[in-house]
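Me: Please take a close look at a single part of this model, the sheet, and set it in the context of the chains around it. I would like the cut-offs behind each term spelled out as you go.

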Number of protein chains: 2
Amino acid sequence: MRNYQKDANLDNRLHKLIKFFDIKKRITIKDIAKALNLTSSTVSRALNDNSRISEKTKQAVKQTAKELGYEPNYLASALRKGKSNLVGLIIPRANSYFFSSVVKAIGDRLSIEGYNIIITQSNESYEKECQNIESLLYTQVDGIIASLANETVDLEYYNKIKANGVPLVIFDRGEDSLNVDYIGIDDYLSSFKVVEHLYNQGCRRIAHIGGYRHTRIYESRVEGYIDALTKFNLPLEESLISESNLKVEDGRAIMEELLKLPNKPDAIYAAGDFAALGALQVAKENHISIPDDIALVGFSNEPFTSLITPSITSIEQHSEMIGRLAAETFLDRINNPDKAVKLNKIVLDTELIVRESSKKLK
Amino acid sequence: MRNYQKDANLDNRLHKLIKFFDIKKRITIKDIAKALNLTSSTVSRALNDNSRISEKTKQAVKQTAKELGYEPNYLASALRKGKSNLVGLIIPRANSYFFSSVVKAIGDRLSIEGYNIIITQSNESYEKECQNIESLLYTQVDGIIASLANETVDLEYYNKIKANGVPLVIFDRGEDSLNVDYIGIDDYLSSFKVVEHLYNQGCRRIAHIGGYRHTRIYESRVEGYIDALTKFNLPLEESLISESNLKVEDGRAIMEELLKLPNKPDAIYAAGDFAALGALQVAKENHISIPDDIALVGFSNEPFTSLITPSITSIEQHSEMIGRLAAETFLDRINNPDKAVKLNKIVLDTELIVRESSKKLK
DNA sequence: TTATATTGCGCAATCGTTTGCGCAATGGTT
DNA sequence: AACCATTGCGCAAACGATTGCGCAATATAA
C-alpha cells in the first residue's frame, strides 16, 4: 500500500514535469498495447498486417495508433530486422551535373521502394572514400552505390563491403578488376563515333585532349580514338594526345600548345566538356574559327554545351538512366540474394549530339 | 552433463555450417568482452575512452577489437543514445546547380562533425515533401535542413518537426511565418541593385520577368524592383511585369510578348537565369542586340551565364556559403539546445556580377 | 464425438550498445 | 586506525521493435 502511494505520487509529479517542460512523450507500440489491453507483439503484428491478427484488432490498433500520434522508430525496427532501408551513395562530388543527375535518378527510384539514401562525397580523395565506406557500413546500409574517386586505385576497401554481405553497385568510374555489378557507358565506342563523325566532316588531323589513362574510362576513350584513327588511316601523333584533369584551365593550356604546332590539327576531341570549353575560349581569343578552322567535340553533354556560341558537339551519357539502372540493379540484388552468381555489367549506348562546333558540311 | 554434450555438439555443427556458407559472423562488443573476460559494459566504455577504465584495459580492448575485426553498429548505438548522427535534407531536386552546390557544402561541413546526410527530393510536390518529412522523422534524424517546394503553402508538417524536438533549418525558399532558423539572401536588396545598375547603364524602361509571387523570395524581388523604379522615377507598368516558373520556355514566351509592345523595354531583369536565357534566345532570333537594344540581367549566377555569348549579368547567391551556414546553424542548435529562444535569421549579401549582357557604357 | 486445423494472441528473447548504480579494492588524509 | 575519495569494473535495465514458440479457443473434418 505504501509503495503504491509512493508510485502514484511519483507518477503525478512526473506528469507535471512533463507538462511544464512541454516534453512530448514518444508514443511506442507499448503505449498502444497498454491502451488496448494487448501486448506489443500483437500491436506490432497488427501494424504490419500479419495474417494471424483479426481484422477487428487491426482496426482498433491502427485507430488508436493514429489517435495517440504514434510514430514508428525505424532504427529500432532496423536493428531487430537487420535491414535499415538505407542505401549509401559515394560520389566524387555532388555539385556536378552528371553526378547530381545520377543522384536525382537514384533518389527518385529508390524512394518508391521505401529506401532513403545517404549521400557521401569523396572529393576525389581515396582516404575520404575509405572513411565513407566505413561510415556507411557502420550505419548498416542495405547497399552501396558508388563511383570511384580519381585517386582510387587500391580496392581493398571495396572488398570489405562485399565481405560484409552488402550489395555493391559501381557506376561510371569503376574498375573491371572489381568483381561487382557495374553500370556505365561504352567509352571506347563513343570515342570511335566521335572520330568517325569528325572524319565524315572532312577532318584529317584530329587531336585528343584526354583524361588520365590510369582511369579506365579515359583509357578506353583513348583506345577508341586511336583505333578509329587507324581505321580511317589518319595520323597518330604523340603531340596530338595529352592527359590532364580536363578542367577548363587544362583545356586552355593544351589548346595553346596545340596552336603552337607547326602542323596544327583541324579537329579537337576533348574527353570532357570543360576541357573543350577551355579550348574554345583560346580559339576565340586567337581568332580561330570553330568549326571552320578547327572542329571541336566534347564529352558528357553538360548543359552549357548547348547554350554557348558556338554550341559544342558532345556525347550524351544518359545520366538519369545510369542512376535508375544503378538503383534497379541494387534492388535486383536485394530481392534475389540467391542468384548471386551472375554479375550485372550494363553498358549503355551513348548518343552523339552534333552541334555547331563540328558542323563543317552544311 | 547430457545437456552440455548436446550444446557442444550444436555449437560444433553451427561452426561447420558457418564455415561452409562462408558467413561472416558479426563481431560485437560481447565477443570482445568474452575474449578478454570482461563485460560488454567495460568494453563499451573502453572504446568510448571513458575515464573510469584503466589505460591498460583500454589498450587491450582496442587491440582485440582490431584483431577480431570489430565493426560498431551505429544503429544500436543510435537507438540507445537517442542520437542517430543523421541529418535529413529536403530539397526540390538534386540536379540543379544551386541545390547541388548547397548539398555539397552541407555534406562537406557535416561530415567533419561525424554526421551523415540523408537526401530527399520533393520534386516540387507538397505531398512528396510531407512524405519526406515523415520518413526522416521515423528514421530519427537529429535535424532537418530544408528548402521548400514551390507548391508548399501549408506548413503544418513543418511544425510536426519542431513538435518532435528536431532542429529545423530552412534555406533559400522559406516562409517568415515559420518560426525557425533561416539562411537566405536579401532578395529585395538584390533586386534593387539590379535595377540601380540598369539605371546607371542608361536604361529607362525596365521589364521584370518574375517568379510566382506567392513564393516569398519572388515577391521580395518584385518589391525591390518596384521600389527601385520608384526611386529612380521610372515607369511602373503592368505590361512590363510577369509571373511564371522562370524556365527557358517561360522566358521565351514572355520575351515574345514584350517585343510586341508598342513601347518596348530597353532592359529586362529576369528573376532567374534560365528565363533570362530564353529571353536572350528570342532576342537573338529577332536580331535584337543585347545589350545595345535591350540590356539583360538574370538571377542566380548559373554557370552557363558566364559561358554563353553574350555573357549574362547575374546575381551570385553564394550557394556554398548558404550550405555551410545552414550546416553550422544546425550544429549550433544541437550543441546548445538550451538557448532555444533566439532564432537565427541569416541574410547573406549577394553580388551583382556585371557581364556583357548589360554593359552599355564602356 | 473425437481428432485435427486454424485462428488469435501472449511470453520472452533478441538485435547491439549504452549507462545508472553498486561494490570492492586501492590510495590518501587526519 | 578510522575515514573518505578515487579508481576499476560488473550487473542489469534500458532503447523500440520483431518473431519463434506455445497455448488456448474456435472451426473443420472424419
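Reply: What follows starts with the sheet and then turns to chain A as a whole and to two places in chain B.

This is a predicted model, in which local features need pLDDT of at least 70 and side-chain atom pairs count only at pLDDT 80 or more, whereas totals for chains, interfaces and linings use all residues. Residues are numbered from 1 along each chain as its sequence is written, chains are lettered from A in the order in which they are written, and side-chain values use heavy atoms, with hydrogens and water left out.

The sheet is open and consists of 12 strands with mixed pairing, running in the order β11(A)-β5(A)-β4(A)-β3(A)-β1(A)-β2(A)-β2(B)-β1(B)-β3(B)-β4(B)-β5(B)-β11(B). At its edges lie β11 (345–348) of chain A and β11 (345–348) of chain B, each of which pairs on one side only. On average, and with direction ignored, neighbouring strands of this sheet are turned by 20 degrees against each other, the axes being lines fitted to C-alpha atoms, for helices over the stretch in contact, with angles that run from 0 to 180 degrees between N-to-C directions. Two strands pair here if DSSP finds at least two bridges between them, and strands (E, at least two residues) and helices (H or I, at least four) are DSSP runs numbered from the N terminus.

Within the sheet, β3 (residues 143–146) and β4 (residues 168–171) of chain A pair in the parallel sense over three bridges, and A:Ile144 of chain A stands opposite A:Leu168 in β4(A).

Chain A as a whole has 13 helices and 12 strands. Its C-alpha atoms fill a box of roughly 105 × 50 × 40 Å along the principal axes, and its radius of gyration is 29 Å, where a compact globule of 362 residues would have one near 21 Å (taken over C-alpha atoms, with the globule rule at 2.2 Å times the number of residues to the power 0.38). Buried residues nevertheless make up 51% of the 362 residues in chain A, buried meaning under 20% relative accessible area, exposed over 50% and partly exposed in between, with a 1.4 Å probe and protein chains only.

In chain B, the buried residues of helix α2 (residues 29–36) are B:Asp31, B:Ile32 and B:Ala33, and they pack against α3 (40–47) and α4 (55–68) of chain B, where contact means heavy atoms within 4.5 Å. After α2(B) comes B:Asn37, with a positive phi near 60 degrees.

B:His287 lies in the loop between α12 (273–285) and β9 (295–297) of chain B, and it counts as exposed because its relative accessibility is 74%. Its C-alpha atom is separated by 74 Å from that of B:Ile29, 258 residues apart along the chain.
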